[in-house]
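Reader: I'd like a close look at one part of this model, with enough of the rest to place it. Could you walk me through it?

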Amino acid sequence: MHDFRTFAPCTLLAPVPAVMVSCACPKLDARPNIITIAWAGTVNSDPPMVSISVRRNRYSHAMIRESGEFVVNLVDEARCKAVDFCGVRSGKDVDKWAHCGLTPMPALGLDNAPAIAECPAYLACKVRQVLELGSHDMFVGEVVGVQVRGDLFDADGSLHLERAGLVAYNHGVYQRTADVLGFFGYSVARPEVLARRMKQYQG
Ligand SMILES: Cc1cc2nc3c(=O)[nH]c(=O)nc-3n(C[C@H](O)[C@H](O)[C@H](O)COP(=O)(O)O)c2cc1C
């Protein structure tokens, strides 16, 4: 038996994705912004829906609430410093796009919120529900547009997101997700399938 220690009840779910959420709201006359979010999740597949939980005091909160839109940008290692910066400085005080050298581009299916052109993939979302949970409001967004960088596809059209070098957030630290340990169903795959697929992931 391990020596387990008791923790006060808390959100020790880990690892979670660290994503950059971009938003804009011309009605509020606020500059388009980027907020780092670790409390993000997949919550439904049909229709495709994701959630982000945002504290009410964030500059981004009113923009997302008012515009009803946000973009979840997946983050690679080259963007890791930008992820941190967008999570420790407020758009109230600084233009995070300019500071981090990030470029807004139109997001499929949205009128206001831009996607981040430097990120490997994005999910454009329309807010369908807002759940006031306590410290955070959870925006449940329907994914209305998705784009993924072209070099992450093989010639046969299959997507290899594992090659994007995405970043995970693990109880206060950013970590690489680069190494593939297995694939969906690998524990029961036939030996020849296992060997072929794993060879593919090991480059
Ligand atoms: C790794 C990381 C994860 C974060 N996750 C969240 C989150 O899920 N929800 C949230 O409200 N704030 C989160 N924050 C804090 C906000 O990103 C931070 O307060 C930011 O400065 C708010 O930006 P804004 O005022 O421009 O909206 C996180 C920060 C970091 C560094």
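By class, which residues make up the shell around the ligand: how many are nonpolar, polar and charged?

Author: Before the shell, two words on the ground rules. This is a predicted model, where local features need pLDDT of at least 70, side-chain atom pairs count only at pLDDT 80 or more, and totals for chains, interfaces and linings use all residues. Residues are numbered from 1 along each chain as its sequence is written.

Now your shell. It has nine nonpolar, eight polar and five charged residues. Here Ala, Val, Leu, Ile, Met, Phe, Trp, Tyr, Cys and Pro count as nonpolar, Asp, Glu, Lys and Arg as charged, and the others, Gly among them, as polar. There are 22 residues around the ligand, and W39, S60, G87, S90 and G91 come nearest; to be near, a residue needs its C-beta atom, placed from the backbone, within 6 Å of the molecule.

As for where the shell comes from, strand 3 (30-37), strand 5 (48-55), helix 1 (59-67) and helix 2 (80-88) each supply at least two residues. Strand 3 gives the largest share, four residues. Helices (H or I, at least four residues) and strands (E, at least two) are DSSP runs, numbered from the N terminus.

Some oddities sit in the loops that lead into those two strands. Ahead of strand 3, D29 is found in the loop that follows strand 2 (19-25). D29 has a positive phi of about 55 degrees although it is not a glycine. D29 is also exposed, because only 6 other C-beta atoms lie within 10 Å; the cut-offs are 12 or fewer for exposed, 20 or more for buried, and partly exposed in between, with C-beta atoms placed from the backbone. P47 lies in the loop between strand 4 (40-45) and strand 5, and the peptide bond from D46 to P47 is cis, with omega near 0 degrees. For background, most residues other than glycine have a negative phi, and most peptide bonds are trans.

P47 turns up again in the contacts of E142, which lies in strand 10 (residues 136-148). Neighbours within four places in sequence aside, E142 is in contact with P47, P48, M49, C125, K126 and R128, a contact being two C-beta atoms, placed from the backbone, within 7 Å. E142 has 17 C-beta neighbours inside 10 Å, so it counts as partly exposed.

Elsewhere, three strands form an open antiparallel sheet in the order 1-11-12, where strands pair if DSSP finds at least two bridges between them. Its edge strands are strand 1 (16-17) and strand 12 (173-176). Two bridges join strand 1 to strand 11 (residues 167-170), with P17 opposite A168. Four bridges join strand 11 to strand 12, and V167 has R176 as its bridge partner. Strands 11 and 12 form a hairpin with two residues between them, and H171 in the turn has a positive phi of about 50 degrees. In the segment before strand 1 you'll find P15, joined to A14 by a cis peptide bond with omega about -10 degrees.

Zooming out, the protein comes to four helices and twelve strands. Its radius of gyration is 18 Å, close to the 17 Å that the globule rule gives for 203 residues, so it is as compact as a globular protein of that length. That radius is taken over C-alpha atoms, and the rule is 2.2 Å times the number of residues to the power 0.38. Buried residues make up 29% of the 203.
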